[in-house]
Every structure is written in C-alpha cells, then in structure tokens.
Amino acid sequence: QVQLVESGGGLVQAGGSLRLSCAASRSIFSGNTMGWYRQAPRRQRELVAAISSGGFSNYADSVKGRFTISRDNAKNTVYLQMNSLKPEDTAVYYCKSGGSPNWGQGTQVTVSS
C-alpha cells in the first residue's frame with residue numbers, strides 16, 4: 001500500500017521554526033524525487049521545495065534562504081526545515097513522490113503575526 005504520512009505541523013509565531021517530516025512507502029521513495037507542496041485557503045497548491053534521489057534540491061523563490069529540504073534514504077523520510085516563518089507561510093503542507101500520483105493527508109502550519 002502506497003503511503004505518505006506528514007507530521008510536524010503546528011502553530012508558531014512569526015520568526016519561529018518548524019520541522020516537517022514525511023514518511024513514505026519505500027516503493028515510491030527510493031529513486032524518486034520527493035517534494036513538499038502547500039495549499040493556503042482559496043489558493044492553488046504550490047510546490048515549495050523538491051529533492052532528487054541524489055540530493056539535489058530546488059526551492060520556490062518565496063522560501064529560498066528560509067526553508068531546507070532533506071531526505072534520509074535509510075528511513076524513507078523527507079524533511080522540511082522551516083525557519084524565519086511568516087504569516088504568509090500558513091497553509092496545509094503535503095509531500096509527494098515523483099513516482100506516485102498519491103497525496104498524503106497533509107499537516108497544518110499556522111504562523112501568527
């Protein structure tokens with residue numbers, strides 16, 4: 001069964017930090033690019049960051065310098081370290097594998113001003 005389980009969201013003040021985790025089934029993690037997306041109310045889902053199986057990463061301009069994506073291939077887990085959070089980062093965050101059309105349930109991140 002293909003699974004993506006996100007965790008680590010919560011409520012944080014502006015300027016704070018959170019670390020998101022996404023545990024994936026090995027079948028869709030190994031060898032695939034993994035991405036973090038987010039969807040704010042009344043907005044389209046957008047790509048935040050992605051990391052290839054070889055560790056190359058890219059970021060949306062809005063989070064460059066503040067967010068860091070990483071992966072632990074032994075644990076089939078991808079992380080998103082979010083620093084200097086802003087109210088506009090408030091959204092439901094999802095992870096996704098480039099090798100599967102499935103989405104996880106998401107984790108809510110709320111940044112208060």
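**Core, buried lysine and aromatic cluster in a predicted model**

In this predicted model, Ser84 has a relative accessible area of 43%, and this residue is therefore classed as partly exposed. Ser84 belongs to the loop that runs between E8 and E9, and its phi angle is near 50°, a positive value in a residue other than glycine. A positive phi is also found at Asn76, where the angle is near 55° and the residue is again not a glycine. Asn76 is placed in the loop between E7 and E8; with a relative accessible area of 15%, Asn76 falls under the 20% limit and so counts as buried.

The interior of the model was examined next. In soluble globular proteins, nonpolar side chains tend to be buried together. The largest nonpolar core comprises 27 residues, and the members that touch the most others are Trp36, Phe67, Val78, Leu80, Met82 and Tyr93. Two or more residues are given to this core by each of several elements, namely strand E3 (18-24), helix H1 (26-29), strand E4 (34-39), strand E5 (46-51), strand E7 (67-72), strand E8 (77-82), strand E9 (91-97) and strand E10 (107-112). Among these contributors, E3 supplies the largest share, with 4 residues.

Strand E3 also contains Cys22, a residue whose relative accessible area is 0% and which is therefore buried. Setting aside residues up to four places away in sequence, Cys22 is in contact with Leu4, Val5, Glu6, Trp36, Asn76, Thr77, Val78 and Cys95. The list thus includes Asn76, the loop residue with positive phi described above, as well as Trp36 and Val78, which are among the core members with the most contacts to other members. The C-alpha atoms of Cys22 and Tyr79 lie 6.3 Å apart, although 57 residues separate the two in sequence.

A charged residue is likewise found in the interior, since Lys96, which forms part of strand E9, is buried but takes part in no salt bridge. The nearest side chain of opposite charge is that of Glu6, at a distance of 11 Å, and a salt bridge would require the charged atoms to lie within 4 Å, which explains why this pair does not qualify. The side chain of Lys96 instead reaches the backbone oxygen of Ser100, at 2.6 Å. Beyond residues up to four places away in sequence, Lys96 touches Leu4, Thr33, Met34, Gly35, Tyr37, Pro101, Asn102 and Trp103.

Two residues from this last list, Tyr37 and Trp103, recur in the analysis of aromatic rings, in which a search of the whole structure returned 2 aromatic pairs. In the pair formed by Tyr37 and Trp103, the ring centres are 5.0 Å apart and the planes meet at 80°, so that the arrangement is edge-to-face. Because Tyr37 is located in strand E4 and Trp103 in the loop between E9 and E10, this pair ties together parts of the structure that are 66 residues apart in sequence. Trp103 also pairs with Tyr94, again edge-to-face, with 6.1 Å from centre to centre and 80° between the planes. Through these ring pairs, Tyr37, Tyr94 and Trp103 are linked into a cluster. As to accessibility, Tyr37 is partly exposed at 23% relative accessibility, and Trp103 is partly exposed with a relative accessible area of 35%, whereas Tyr94, at 12%, is buried.

Note on methods: Residues are numbered from 1 along each chain as its sequence is written. This is a predicted model: local features need pLDDT of at least 70, side-chain atom pairs count only at pLDDT 80 or more; totals for chains, interfaces and linings use all residues. Side-chain values use heavy atoms; hydrogens and water are left out. A nonpolar core is a set of buried Ala, Val, Leu, Ile, Met, Phe, Trp, Tyr and Cys residues joined through side-chain atoms within 4.5 Å. Buried means under 20% relative accessible area, exposed over 50%, partly exposed in between (1.4 Å probe, protein chains only). Lys and Arg count as positive and Asp and Glu as negative; His and the chain ends are not counted. A polar contact is a pair of N or O atoms within 3.5 Å; within protein, one must be able to donate a hydrogen and the other to accept it, and residues adjacent in sequence count only if both atoms are side-chain atoms. Contact means heavy atoms within 4.5 Å. Rings of Phe, Tyr and Trp (its six-membered ring) pair if their centres lie within 6.5 Å; planes under 30 degrees apart count as stacked, over 60 as edge-to-face and the rest as tilted.
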